[in-house]
Amino acid sequence: MIPDHATIIEVGPRDGLQNEFNYVPTDNKVSFIKGLKEAGVREMELTSFVSPKWVPQMKDAKEIVASCLDESRNFVLAPNRKGIERVKETSVSAVALFAGVSNSFNKKNSNKETDQLLEELTVLVDELKQDGYFVRACISTAFYCPYEGKMALNDTLAICRKFVDAGVDELSVADTIGMATPREAYFVFDTLKKEFPNTLLTAHFHDTRGMALANIYACLTAGISRFDTSAGGLGGCPFAKGATGNVATESVVYMLERMGVETGIDLDKLMTAVDDIEPHLSRSIDTPYRTLYKKEISAKSN
Ligand code: HMG
Ligand code: MG
């Protein structure tokens, strides 16, 4: 079942930076994004058109888009109609909407009850599709919620079903707080594949408990070949208590390439992009791949 090619959707500039304590200047975000593209990334979440009062780090969304659009697939997130109106003032052609399975999470993240949120977002999906956009729906707390605990698979499927019926091209299904195990990852994605055979399915794992690589392997065995990852393992949702970084792009690319699953991403160039952003962050980047890489570079130069 393991595919021989996988698509990496780089979410570092969005999920990675939205939780960053330091404000990263726009030019440095742009240079990070360009470095990631240089490394071979062909699908990326560039930024989000959310409320700058809620997430000040994303207040330069319009400038980011103006500098970074190219022929590859560049997603921007939008939380509501206001966000979509802002997106439509740009040349973006791929949009990501987001909703959680958990009602408590939706109240914290989107300031809406689930029903109200889904009503607004599904109408937006329909409008976006009529206007020719590529639309992905990001489904948060698909496994566990920091406020409500374990989510029922039927509830996750029901939310996915609403977006699929509304016409999304892709579902990105997330383990927001990194609690899923490989058995759960396999079961959920195997079921999603059967339920939604005509929708692109992407796995989005946060690595809070070090389970993400094992979960990605489990997804591969279920035939999933699209993964959201973040260079340097940056990331986390500011409105999900305890959410930490996404699985690191370098760890996933290293594992996949060594398994013979082609990603098209050059690890040395990826590390250059990480070198570029690190000085602007409030913490150092110490994923296992990166730490070893730095040691090897310094050994060579001595
Ligand atoms: P609200 O305060 O209820 O919004 O927030 P409102 O509709 O009452 O509007 C209040 C003010 O915000 C108004 O301005 C609006 O114009 C403005 P004022 O009149 O006070 O000057 N406003 C906006 N401005 C710019 N862009 C907008 C926008 N909307 C309203 N789009 C809202 C509701 C949804 C806006 C807020 O809750 C929000 O921005 N939430 C986003 C939270 C977020 O970014 N979370 C992280 C992304 S999701 C994620 O990370 C999970 C994921 O990675 C998967 C996983 O791991 O689980 C995808
Ligand atoms: Mg996330």
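Asparagine 111 counts as exposed, at 55% relative accessibility. I should say at once that this is a predicted model. Asparagine 111 sits in the loop between α5 and α6, the latter running 114-130. The phi angle of asparagine 111 is near 60 degrees, a positive value in a residue other than glycine. Most residues other than glycine have a negative phi.

Asparagine 111 also leads us to the ligand. How many residues surround ligand 1? There are 27. The closest are Gln18, Lys53, Asn111, Ser140 and Thr176. Where does that shell come from? Helices α1 (12-18), α4 (81-88) and α5 (103-110), together with strand β5, each supply at least two residues of it. The space that ligand 1 takes up is the largest pocket.

Let me go through some polar atoms around this ligand. A nitrogen atom of ligand 1 is 2.9 Å from an N or O atom in the side chain of asparagine 80. On valine 50 the backbone is involved: one of its N or O atoms lies 3.4 Å from a nitrogen atom of ligand 1. With histidine 206, a polar side-chain atom lies 2.9 Å from an oxygen atom of ligand 1. As for area, ligand 1 taken alone exposes 1100 Å², and the protein buries 76% of that.

Next, threonine 141. This residue is in the loop between β5 (134-140) and β6 (144-145). Is threonine 141 buried or exposed? Its relative accessible area is 0%, and buried means under 20%, so threonine 141 is buried. Which residues does threonine 141 contact, leaving aside neighbours within four places in sequence? They are Gly100, Val101, Ser102, Phe105, Pro146, Met151, Ala174 and Thr176. One residue in that list, Ser102, comes up again: the side chain of threonine 141 reaches the backbone nitrogen of serine 102 at 3.2 Å. Another, Thr176, is among the residues closest to ligand 1. Threonine 141 has a positive phi, near 45 degrees, and is a residue other than glycine. For scale, threonine 141 and leucine 69 are 72 residues apart in sequence, and their C-alpha atoms are 30 Å apart in space.

Now two aspartates. Aspartate 60 is in the loop between β2 (43-48) and α3 (61-68). Aspartate 60 has a relative accessible area of 4% and is buried. Not counting residues up to four places away in sequence, aspartate 60 touches Tyr23, Val24, Thr26 and Lys29. With tyrosine 23 there is a polar contact of 3.1 Å, side chain to side chain.

Aspartate 228 is in a strand, β10, residues 226-229. It counts as buried, at 1% relative accessibility. What does the side chain of aspartate 228 make a polar contact with? The partner is the side chain of histidine 204, at 2.8 Å. Beyond four places in sequence, aspartate 228 is in contact with Ile9, Val11, Arg136, Ser172, Thr202, Ala203, His204, Phe205 and Val247.

Moving to a helix, leucine 157 is part of α7, residues 153-166. At 11% relative accessibility, leucine 157 falls under the 20% limit and therefore counts as buried. Which residues is leucine 157 in contact with, once neighbours within four places in sequence are left aside? The answer is Thr191, Leu192, Glu195 and Phe196. Leucine 157 and leucine 117 are 40 residues apart in sequence and 16 Å apart in space, C-alpha to C-alpha.

The last residue is arginine 42, in the loop between α2 (26-38) and β2. Arginine 42 touches Lys37, Ser72 and Arg73, not counting residues up to four places away in sequence. How far apart are arginine 42 and glycine 264? In sequence they are 222 residues apart, while in space the C-alpha distance is 8.7 Å.

To go back over a few points: ligand 1 takes the space of the largest pocket, and 76% of the area it exposes alone is buried by the protein. Asparagine 111, one of the closest residues to ligand 1, counts as exposed, whereas threonine 141 is buried. Aspartate 60 has a side-chain polar contact with tyrosine 23, and aspartate 228 has one with histidine 204.

Note on methods
Residues numbered from 1 in each chain as written. Chains lettered and ligands numbered in written order. Predicted model: local features only at pLDDT ≥ 70, side-chain atom pairs only at ≥ 80, totals over all residues. Heavy atoms only, no water. Helix = DSSP H or I, 4+ residues; strand = E, 2+ residues; numbered from the N terminus. Buried < 20%, exposed > 50% of the residue type's maximum accessible area, 1.4 Å probe, protein only. Contact = heavy atoms within 4.5 Å. Polar contact = N/O pair within 3.5 Å; in protein donor to acceptor, adjacent residues only side chain to side chain. Near = heavy atom within 4 Å. Areas by Shrake-Rupley, 256 points an atom, 1.4 Å probe, with all protein chains shown as cover. 1 Å grid on protein atoms, 1.4 Å probe; cavity = no way out; pocket = protein on both sides within 12 Å on 5 of 7 lines; lining within 4 Å. Sits in = over half its atoms within 2 Å of the grid points.
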